[in-house]
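Biologist: I'm new to this one and would like a close look at a single part of it. Could you walk me through that part slowly?

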Amino acid sequence: MTNAALNGRTGDSRRERPPGPGLIEACGWTLFYMFAQAIAAVACIVVLVVAAFNGWPADKEAPLRLLLDVNLDTSFLLIGVTTLGALFILMPAVRLRFGKQMRARLQLRRPDKRNLLLAVGAVVPLAVLSRALYELALQQWNQLAADIPALADLQQANTLEAVANQSASVPFLILVVALALGRALRAEIIFRGVIGPGLVRRWGVLLGVLITSVLFAGVHGFPPHAVATLPLACFLHYALLRTGSLWTPIVLHFLNNALALAMIKYPLLGRLPDSPSVLFASALYIVVVAALLGTTWEPVQQLSLWNWRRAFRSSWVDALAAGCIAGFTTAFVWSVMNGG
């Protein structure tokens, strides 16, 4: 048998693996994502104790008394520091995984301004649907927890309540930097930047996006919160695939977090309306944005027999987008004015 035949048989029997993490490595990155927060929390506590005692005290109970005195378990300090500190733990690991090609592999390229603006318009509709889904999931969860008391312990994993209880005395700018920006960068780099591309190459777009979104939802801990993040997670991944830039989901995630923090920090803003008309308008808005995202706009300089079709199509698309914006805005304002 010749070497050529042997090489051909070897090539047929051993397929080249697609680049990027597979399912097992993706699960490992998800665990490391949560473990990095624990490392940052421990580092924060150690630094606090060492700074307070000018070294580690001989009395083993002294650090515990200090933590209780500063109410670290209910303080925003621990949440804020762990959020930003975990980012400095994760980024070296990503750099080690991808090497010099990290920027290209993460798709950290400048997004198209028109597509970015179009995607940003979906932030509020997505928040409306996510909030409605959260309320529905929370209602079902409370009924389930009433039947199974052991599930009530998972209520401690509800980060929304923790942030709401701790944000009253924290300046809004610090909340935005620590929780909105920090979490957006951390989550998008790991899930849409590292995990997502590998799973999409191996499992296809639909299943790859779904698995990535489920892993992303899982790190939120509290089941109703995890369920509510699924629409947002899928749209963020879709925006990445359509625009080819990780900055698009980063910006969307940041704005979504900032909106949630603003409504937690300032209760006078009220809650997002959830009337049927608003929910329908939000879903339609997102569908139109998804259809238009990633397309290119070329201005028609001169109307002629050759470009009348393109001009008509452009006008039709613009009219559809404007109609959806007007419909959503009208339904949203009307629902707010009527307390729905």
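Biologist: Let's zoom in on Phe191 and Phe216: are they buried or exposed?

Modeller: Happy to, and keep in mind that this is a predicted model. Phe191 is buried, and Phe216 is buried too. For Phe191 the relative accessible area comes out at 0%, which is under the 20% cut-off for buried.

Let's start with the rings. Searching the whole structure turns up four aromatic pairs. One of them joins Tyr33 and Phe191: the ring centres are 5.1 Å apart and the planes meet at 70°, so this pair counts as edge-to-face. That pair bridges distant parts of the chain, since Tyr33 belongs to helix α2 (residues 23–53) and Phe191 to helix α9 (residues 172–203), with their positions 158 residues apart. Tyr33 is buried as well, at a relative accessible area of 5%.

Phe191 has a second ring partner. Its ring and that of Phe216 have centres 5.5 Å apart and planes at 80°, so they are edge-to-face. Here, too, distant parts of the chain are linked: Phe191 in α9 and Phe216 in helix α10 (residues 205–218) are 25 residues apart. Put the pieces together and Tyr33, Phe191 and Phe216 make one aromatic cluster. There's a charged visitor as well: the charged end of Arg192 sits over the Phe216 ring, 4.4 Å from the centre of that ring.

Now for what else surrounds Phe191. Setting aside neighbours within four places in sequence, Phe191 is in contact with Thr30, Tyr33, Gly196, Thr212, Leu215, Phe216 and Val219. Phe191 is also part of the largest nonpolar core, which has 28 residues. Within that core, Val94, Leu106, Ile190, Phe191 and Ile195 touch the most other members. Helices α2, α4 (76–98), α9, α10 and α12 each provide at least two of its residues, and α9 gives the most, with eight. As background, nonpolar side chains tend to be buried together in soluble globular proteins.

A second core, of 16 residues, lies apart from this one, and its members include Leu236, Ala239, Val289 and Leu292. Two of those names take us to helix α12, where the buried residues are Leu232, Ala233, Phe235, Leu236, His237, Ala239, Leu240 and Thr243. The α12 helix covers residues 230–243, 14 residues in total, and reaches 20 Å from its first C-alpha to its last, close to the 20 Å expected. Its buried residues pack against α9 and α10, the helices of our Phe pair, and also against α6 (113–120), α7 (123–147), α13 (247–265) and α14 (276–292). Cys234 is partly exposed, with a relative accessible area of 30%. Just past the end of α12, Gly244 has a positive phi of about 70°.

One of those packing partners, α7, has 25 residues, and its end C-alpha atoms are 36 Å apart, in agreement with the 36 Å it should span. Among its buried residues are Tyr134, Leu138 and Trp141.

Back at α2, the helix that holds Tyr33, there's a last stop nearby in the numbering: Cys27 is partly exposed, at a relative accessible area of 32%. As for disulfides, the structure holds zero.

Note on methods:
Residues numbered from 1 in each chain as written. Heavy atoms only, no water. Phe/Tyr/Trp six-rings, centres within 6.5 Å; stacked < 30°, edge-to-face > 60°. Helix = DSSP H or I, 4+ residues; strand = E, 2+ residues; numbered from the N terminus. Buried < 20%, exposed > 50% of the residue type's maximum accessible area, 1.4 Å probe, protein only. Lys NZ or Arg CZ within 6 Å of the ring centre and 35° of its normal. Expected span 1.5 Å × (residues − 1). Contact = heavy atoms within 4.5 Å. Disulfide = S-S within 2.5 Å. Core = buried A, V, L, I, M, F, W, Y, C linked by side-chain atoms within 4.5 Å.
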